[in-house]
Amino acid sequence: MNLRYARIAGTGSYLPEQVLTNADLERRVETTDEWIRTRTGIERRHIAADDETASSLAEHAARRALKAAGATPADVDLIVVGTTTPDLVFPNTGTLLQQRLGIHGCPAFSVEAACSGFVFALSLADKYLRLGEARCALVVGSECLSRIVDWSDRGTCVLFGDGAGAFVLTPADEPGILATHLHSDGRYKDLLYFPWGVSCGFNELRGGARGGLRMLGNEVFRTAVRTLSRLVDETLAKNGIEHEQIDWLVPHQANLRIIQAAADKLRLPMEKVVITVQEHGNTSAASIPLAFDTAVRDGRIRRGQLLLLETFGGGFTWGSALIRY
Ligand code: ACO
């Protein structure tokens, strides 16, 4: 067996043009800019145009990541997309992205793990690279959450936005991706979920059921902080890493207060945490690659640094990736 490592050769991201500010939301629901900023850190979010979909946002991010990697779509031999808001039930969003990129034949599929979708996708693609079964993998997180949000529910609509982010992974003799750690626990389903699918509730939806994703915000908050703390301990211990060796924490961008709690646990000053949530809200599976790409492009994340990615989302699902960039 030819065991190697996967390294990040390039990153890219994309946010739709239309911006929805907290002031805009003040006109839609009973809320204030001050409430949203102090409880979440969010200032604005981007909303996909009517003709945009998860695969079209993914295409923009993927093309930018390929350019940054010095690669072309023809080089890609694996596509894994994390998304909660696929274009269609099938074909899967990975295959739709493959078609948009004008390539054919390589495995292309989607991973469903809510906000953790990107880290789950990254973990899978890492294994393909390590086993020598892929040489140029496109890993994407892409979401049109605005389509499943109830815009009359102030408790949730202020939190979410649309966007996409992508990594190109190529093989290397040295890491690269040092480790990924993934977890799921369906006991928490009722704390955060979307109530309609295909084999469950489809007829209600066809009958005109209205509403959006459902969340017990307080409970999600408490469980997220507790779980992310345990995840950080697990990741550092299993890899023999000390807190102070981490150059950047790149957390799921859901809520500034959850991010702060995780940084405290890591004993990491906020100057070492990549935060972009103010710009786009919670973009679920897209949030980590979006934040990562932003920090690469503005020069914060540099080659050789040790990075910790951590995520938490519906399911619950949670996971981390330890990366030497
Ligand atoms: N504007 C003004 N008031 C609001 C709003 C709003 N947008 N939303 C809720 N309120 C009110 C509530 O009605 C409540 O009023 P009441 O006291 O009169 O009943 C009051 O504010 C407090 O509500 P709480 O839900 O207790 O507020 P909390 O401090 O918990 O903040 C929040 C809510 C921001 C949702 C928080 O619980 C949170 O961030 N939870 C995590 C949610 C999350 O990040 N989910 C994303 C998916 S999972 C993930 O990605 C990690």
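**Composition of the shell around the ligand in the predicted model**. The residues of this shell divide into 11 nonpolar, eight polar and four charged. The shell holds 23 residues around the ligand, of which Thr31, Arg39, Asn218, His252 and Asn255 come nearest.

**Helices that contribute to the shell around the ligand**. At least two residues of the shell are supplied by each of helix H2 (33–40), helix H6 (154–157), helix H8 (217–238) and helix H9 (256–266). The largest share, four residues, comes from H8.

**Polar atoms of the protein beside nitrogen and oxygen atoms of the ligand**. A polar backbone atom of Arg154 is 2.9 Å from a nitrogen atom of the ligand, and a polar backbone atom of Gly217 is 3.0 Å from a nitrogen atom of the ligand. An oxygen atom of the ligand lies 2.7 Å from a polar side-chain atom of Asn218. The protein buries 73% of the 1000 Å² that the ligand exposes when taken alone.

**The largest cavity and the residues that line it**. The count comes to one cavity of 30 Å³ or more, and about 30 Å³ of space lies in the largest cavity. Its lining is formed by Tyr188, Thr223, Thr227, Arg230, Phe312, Phe316 and Trp318, which by class comprise four nonpolar, two polar and one charged residues. H8 provides the largest share of this lining, with three residues, and H8 also provides the largest share of the shell around the ligand.

Note on methods: Residues numbered from 1 in each chain as written. Predicted model: local features only at pLDDT ≥ 70, side-chain atom pairs only at ≥ 80, totals over all residues. Heavy atoms only, no water. Near = heavy atom within 4 Å. Polar contact = N/O pair within 3.5 Å; in protein donor to acceptor, adjacent residues only side chain to side chain. Areas by Shrake-Rupley, 256 points an atom, 1.4 Å probe, with all protein chains shown as cover. Nonpolar A, V, L, I, M, F, W, Y, C, P; charged D, E, K, R; others polar. 1 Å grid on protein atoms, 1.4 Å probe; cavity = no way out; pocket = protein on both sides within 12 Å on 5 of 7 lines; lining within 4 Å. Points joined across faces, edges and corners; volume = space filled by probe spheres on them.
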